Amino acid sequence: MQVAVYSSSSYCSALTPHLFMASNSKPKTKLITRGCGPSSSYKKKKKKKVLCQIELKPPPYPTNALEPYISRESLEYHWSRHHRGHVHSLNKQIAGTDLDDMPLEDIILTSYNKGHFLPSFNHAAQVWNHDFFWQSMKPGGGGRPSGQLLQLIERDFGSLERMLMELKAAASTQFGSGWAWLVYKANKLDVGNAVNPLPSEKDNKLVVAKTPNAVNPLVWDYSPLLAIDVWEHAYYLDYEHRRVDYVSTFLEKLVSWEAVSSRLEMAMQRAAKRAREEEKKRMEEDDMIIGDKKAMEVYLNSDEDSETE
C-alpha cells in the first residue's frame, strides 16, 4: 500500500565543517566545534545571546565504504555540498528566532504548516532526511530482514518480495525530486499541523510512502523506518538517469535491515506508550463524567427532600 502526497536533533555548537573521512585512512581535515555559550572575549557585565545550532553529522562510515555501489566521489559530493548546504542555510534562517532553541524535529513540525511551508521547513526537513538516509545504509548491506520486521512485512504486504516491489515502484515513480519511505503508521490520522493522507486506513501497520522534495512522514506523525533519496544528485554521478538501477542496488546491496529493525522496535514502543496514555486519559474523562452524574443525582435528591418537608 502506498501513500503519495502532492501538496535530529539540536546541537549546541558553532560548527565549521571542512571535509570528513575520504577513505579508511586518516581524515584529511577535521570538524572544529566549540560548546554552546557566550564568547570568551565578551566584556564584563555584557552578555551575548547563546545560539544553539543544528549539527552537521557525517555518514557513519568512510566515504569509500559503499563502493562500488556508491562511489566515494558521489558520497563526498552529496554530503559536503548538499547536506552541508542545508545545515548552513537552516542555521542562518533560525538564528535569533523562536526556532533556534528547538530540536530539529520540532522545527520541521512547526514550519510544515499544513503544506504552506514556513521558510525554514525545506532546509530543516532535508537535514533530518539526510541524517536518516545515511543511517539507512551500511557497507555489506542488503540481504533479507528477520525477526519481527519480517513478520510485519509478511503480515502487511503478503511477502517481502511484494513490499520490495512497492518500495521500488514508489522510489522509481516519484515525479521529480523526493523520497521513498517504509514507515510504521500508528495513529488516528488526525495530525493538527498536516493534511492527513488516506484516513480510511487502519492503524498500527507498515506502509510504503513517497514524498515530494523535502517532505517526510514526520509531518503525518508516522514513524519512518527506511528512506531512499531519489533526488538526482543522490545517484547521477554513478547511475546517470538510471534511477531504477540505483533503487534496485540500494535495496539489494546497501540497505541496513538492522537499522530498520531497531527503528521499528522504537516505533512500536512509542505507539504502545501513546496507547497507554490515551487509555488513561479516556478513563480519567469517564471518571469525571461519572462523578458529575453522581453530583447531579445528589443535588436532585436534595431538592426533592426539600420539597417534601
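Here are a few notes on two packed helices, some aromatic rings and a strand pair.

1. First, the ground rules: this is a predicted model, where local features need pLDDT of at least 70, side-chain atom pairs count only at pLDDT 80 or more, and totals for chains, interfaces and linings use all residues. Residues are numbered from 1 along each chain as its sequence is written, and side-chain values use heavy atoms, leaving out hydrogens and water.

2. Start with helix α2 (residues 104–112) and helix α3 (residues 121–135), whose axes lie 9 Å apart at an angle of about 140 degrees. Helices here are DSSP runs of H or I with at least four residues, strands are E runs of at least two, and both are numbered from the N terminus. Axes are lines fitted to C-alpha atoms, for helices over the stretch in contact, with angles from 0 to 180 degrees between N-to-C directions. Contact means heavy atoms within 4.5 Å; the α2 side includes Ile108 and Tyr112, and the α3 side includes Phe121 and Trp128.

3. Tyr112 and Phe121 are both buried (under 20% relative accessible area, 1.4 Å probe, protein chains only). Their ring centres are 5.4 Å apart with planes at 55 degrees, so the pair is tilted. Rings of Phe, Tyr and Trp (its six-membered ring) pair if their centres lie within 6.5 Å; planes under 30 degrees apart are stacked, over 60 edge-to-face, the rest tilted. That rule gives 13 aromatic pairs.

4. Now for the strands: β8 (residues 223–229) has 7 of its 7 residues buried. Strand β6 (residues 178–185) runs antiparallel to β8, with 6 bridges joining them.

Notes. Buried < 20%, exposed > 50% of the residue type's maximum accessible area, 1.4 Å probe, protein only. Pairing = 2+ DSSP bridges.
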